[in-house]
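Grab a pencil and work through these short exercises. Try each task yourself before you read the solution under it.

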Amino acid sequence: MSELGLNTISFAGRAASSSQFKGLYSEGMTLVEETAGYLDGNGRAAAKVLPRMASVLYAAESMRLTTRLMQMASWLLLQRAVNNGEMSRDQVLSEKNKVRLDGFNVDRSAPGWNDLPEAFRDLVERSLRLQNRIALLDREIYRPSEVQKVPDNQNSVQAQLNLLQTAFGLN
């Protein structure tokens, strides 16, 4: 492997324009719809009966959740536009600067977290896992200069397999 990592195969770039992306896109958009349905329906009813601390946390976390999902949906739509030839890579790079894929983390030790409805906590956890996968894919596609050299004591094939597992949520 070269010093600059130039011999590394970019699986992420290929995956972002393959049928794998269609699955990720579908998963992301389905989660957006499922979350919107929950927050407007069962979540609204569940929030009304929460203890005060959990109620405040629910309000804050639901805002973070919707923001996180909208940012991911924006990224997915931009990537789909590139894949479909509707936008150039340069156009996407310009628009992508408005998308935040980091942050929006959750403090599971916050007072009231365990009082939140299980369905809500599940949506939060699923959104975080999806956010991590999309952020990794984004870094691999759009910031290849940040790719670090594999340490001499690490197998480069294993490093690529680890990237694939992370990118596609494989266990």
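Ala, Val, Leu, Ile, Met, Phe, Trp, Tyr, Cys and Pro count as nonpolar, Asp, Glu, Lys and Arg as charged, and the others, Gly among them, as polar. You're looking at a predicted model, where local features need pLDDT of at least 70, side-chain atom pairs count only at pLDDT 80 or more, and totals for chains, interfaces and linings use all residues. Residues are numbered from 1 along each chain as its sequence is written, and side-chain values use heavy atoms, with hydrogens and water left out.

**Exercise 1.** Find out what lines the second largest cavity, and sort the lining by class.

Solution. Start with the term: on a 1 Å grid over the protein atoms alone, a cavity is a set of points where a 1.4 Å probe fits but cannot get out, and lining residues have an atom within 4 Å of a point. Grid points are joined across faces, edges and corners, and a volume is the space filled by probe spheres set on the points.

Step one: the structure has 2 cavities of 30 Å³ or more, and the second largest takes up about 30 Å³.

Step two: list its lining, which is Gly28, Val32, Leu69, Met72, Ala73, Leu76 and Leu130. Helices α2 (19-40) and α4 (52-83) are the elements that each give two or more of these residues, and α4 supplies the largest share, with 4 residues. (Helices are DSSP runs of H or I with at least four residues, strands are runs of E with at least two, and both are numbered from the N terminus.)

Step three: sort by class, and you get 6 nonpolar, 1 polar and no charged residues.

**Exercise 2.** Track down the aromatic pairs and say how their rings are arranged.

Solution. Rings of Phe, Tyr and Trp (its six-membered ring) pair if their centres lie within 6.5 Å; planes under 30 degrees apart count as stacked, over 60 as edge-to-face and the rest as tilted.

Step one: searching the whole structure turns up 2 aromatic pairs. For Phe21 and Tyr25, the ring centres are 6.1 Å apart and the planes meet at 40°, so this pair is tilted. These two sit 4 residues apart in helix α2, so about one helical turn separates them.

Step two: check burial (buried is under 20% relative accessible area, exposed is over 50%, partly exposed is in between, with a 1.4 Å probe and protein chains only). Phe21 has 4% relative accessibility, so it counts as buried. Tyr25, at 17%, counts as buried too.

Step three: turn to Tyr58 and Phe120, whose ring centres are 4.5 Å apart with planes at 45°, so this pair is tilted. Tyr58 lies in helix α4 and Phe120 in helix α6 (residues 118-142), so the pair ties together parts that are 62 residues apart in sequence. Both Tyr58 and Phe120 are buried.

**Exercise 3.** Is Asp138 buried or exposed, and which residues does Asp138 contact beyond four places in sequence?

Solution. Step one: place Asp138 in helix α6. With a relative accessible area of 2%, Asp138 is buried.

Step two: contact means heavy atoms within 4.5 Å. Leaving aside neighbours within four places, Asp138 touches Trp75, Lys96, Leu101 and Arg143. The C-alpha atoms of Asp138 and Leu101 are 8.6 Å apart, although their positions lie 37 residues apart along the chain count.

**Exercise 4.** Where is confidence lowest, and where is it highest?

Solution. Step one: pLDDT is the predictor's confidence in each residue, from 0 to 100. The chain's mean is 81, and 73% of its residues reach 70 or more.

Step two: helix α1 (residues 11-15) is lowest, with a mean of 49, and helix α3 (residues 42-48) is highest, at 95.

Definitions and conventions:
On a 1 Å grid over the protein atoms alone, a cavity is a set of points where a 1.4 Å probe fits but cannot get out, and a pocket is an open set with protein on both sides within 12 Å along at least five of seven lines; lining residues have an atom within 4 Å of a point.
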